[in-house]
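Me: Could you walk me through this fold one question at a time? I'm new to this, so keep it friendly.

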Amino acid sequence: MNNTRFATIIHILTLLAKNPGEWMNSDWIAGSINTNPVIVRKELGVLQEQGWVTSRKGKDGGFILNISSDEITLAELYKVVKNSDVLGKKNLNPNPQCPIGKDINKNLETLFTETDDLVFASLQRKTLKSFMEQF
């Protein structure tokens with residue numbers, strides 16, 4: 001996963017968890033992340049689909065955390081935004097005549113899966129609440 005989606009959603013959720021009961025708008029959240037509000041709104045939509053945040057329209061509207069921060073593991077966040085293996089992607093067309101090239105992707109697949117499983121297991125032991133308490 002070589003993008004900022006995980007960092008963005010954990011930033012959003014940490015802000016919401018640190019301010020329970022306070023409706024926060026996407027512009028304010030984007031200012032904290034120092035990113036475009038459109039990106040924040042896109043990720044807030046994903047978080048709404050998960051049932052983790054609720055939105056309210058209007059002058060006093062915004063977003064609020066919908067569940068307790070100790071009910072969300074960082075592994076769940078990772079799963080929502082994961083778009084590639086931790087180690088990246090394999091080369092698509094290694095040389096099938098090469099003794100290494102012909103089997104490299106099969107062996108890399110095992111390595112990639114093992115690495116992803118380790119990351120997931122580590123994140124499974126951490127909650128949004130435990131992350132938020134650092135601030």
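Below is a set of questions and answers about this predicted model.

Me: Which two residues touch the most other members of the largest nonpolar core?
Reply: That core has 28 residues. Several elements feed into it, including helix H2 (26-33), helix H3 (37-49) and strand E2, each supplying at least two residues. The two residues touching the most other members are Ile29 and Leu77.

Me: Which helix gives the most residues to this core?
Reply: Helix H1 (5-18), helix H4 (74-81) and helix H6 (128-132) are among the elements that each supply at least two residues. The top contribution is eight residues, and the helix giving them is H1.

Me: Is Leu77 buried or exposed?
Reply: Leu77 is found in helix H4. Buried means under 20% relative accessible area. Leu77 has a value of 0%, so the word for Leu77 is buried.

Me: Which residues does Leu77 touch, leaving aside neighbours within four places in sequence?
Reply: Start with a distant one: Leu123 is 46 residues from Leu77 in sequence, and their C-alpha atoms are 9.0 Å apart. Contact, though, means heavy atoms within 4.5 Å. By that test, the residues touching Leu77 are Phe6, Ile9, Ile10, Leu13, Trp52 and Ile72.

Me: Why are the buried residues of H4 on the same side of the helix?
Reply: The buried ones in H4 are Leu74, Ala75, Leu77, Tyr78 and Val81. An α-helix has 3.6 residues a turn, so residues three or four places apart point the same way. What covers these buried residues includes H1, helix H5 (104-124) and H6. They sit on the same side of H4 because they cover an arc of only 160° around the axis.

Me: How are H4 and H5 oriented to each other?
Reply: Their axes come within 6 Å and cross at roughly 135°. Leu74, Ala75, Tyr78 and Lys79 make the contact from H4, and Asp116, Val119, Phe120, Leu123 and Gln124 make it from H5. Angles over 145 degrees would count as roughly antiparallel, and 65 to 115 as roughly perpendicular. The crossing of H4 and H5 is therefore oblique.

Me: What about H1 and H3: how is H1 placed relative to H3?
Reply: These two helices pack with their axes 10 Å apart, at an angle of about 75°. Residues from both make the contact, including Ile9 and Leu13 of H1 and Val40 and Leu44 of H3. Since 65 to 115 degrees is the range that matters here, H1 is, relative to H3, roughly perpendicular.

Me: Is Thr115 buried or exposed?
Reply: Thr115 lies in helix H5. Leaving out residues up to four places away in sequence, Thr115 touches Val86 and Leu87. The cut-off for the inside is under 20%. With 18% relative accessibility, Thr115 counts as buried.

Me: In which direction do E1 and E2 run relative to each other?
Reply: Strands E1 and E2 form a hairpin with five residues between them. Val53 has Leu65 as its bridge partner in E2, and Thr54 is partnered there with Ile64. Four bridges join E1 to E2, and their direction is antiparallel.

Me: Which buried residues of E2 point the opposite way from Gly62 and Ile64?
Reply: In a regular strand the side chains alternate between the two faces of the sheet. Gly62 and Ile64 point one way from E2, so to speak, and the buried residues pointing the other way are Phe63 and Leu65.

Me: Is Lys59 buried or exposed?
Reply: Lys59 is in the loop between strand E1 (53-56) and strand E2 (62-65). Its C-alpha atom is 9.7 Å from that of Asn25, 34 residues away along the chain. Over 50% is the cut-off for the outside. At 82% relative accessibility, Lys59 counts as exposed.

Me: Which residue other than glycine has a positive phi near 65°?
Reply: Most residues other than glycine have a negative phi. The one with the positive value sits in the loop between H2 and H3. This residue is exposed, with a relative accessible area of 71%. The name to remember is Asn34.

Notes: Residues are numbered from 1 along each chain as its sequence is written. This is a predicted model: local features need pLDDT of at least 70, side-chain atom pairs count only at pLDDT 80 or more; totals for chains, interfaces and linings use all residues. Side-chain values use heavy atoms; hydrogens and water are left out. Buried means under 20% relative accessible area, exposed over 50%, partly exposed in between (1.4 Å probe, protein chains only). A nonpolar core is a set of buried Ala, Val, Leu, Ile, Met, Phe, Trp, Tyr and Cys residues joined through side-chain atoms within 4.5 Å. The arc is that of the directions from the helix axis to the C-beta atoms. Two strands pair if DSSP finds at least two bridges between them. Axes are lines fitted to C-alpha atoms, for helices over the stretch in contact, and angles run from 0 to 180 degrees between N-to-C directions. Angles under 35 degrees count as roughly parallel, over 145 as roughly antiparallel, 65 to 115 as roughly perpendicular and the rest as oblique.
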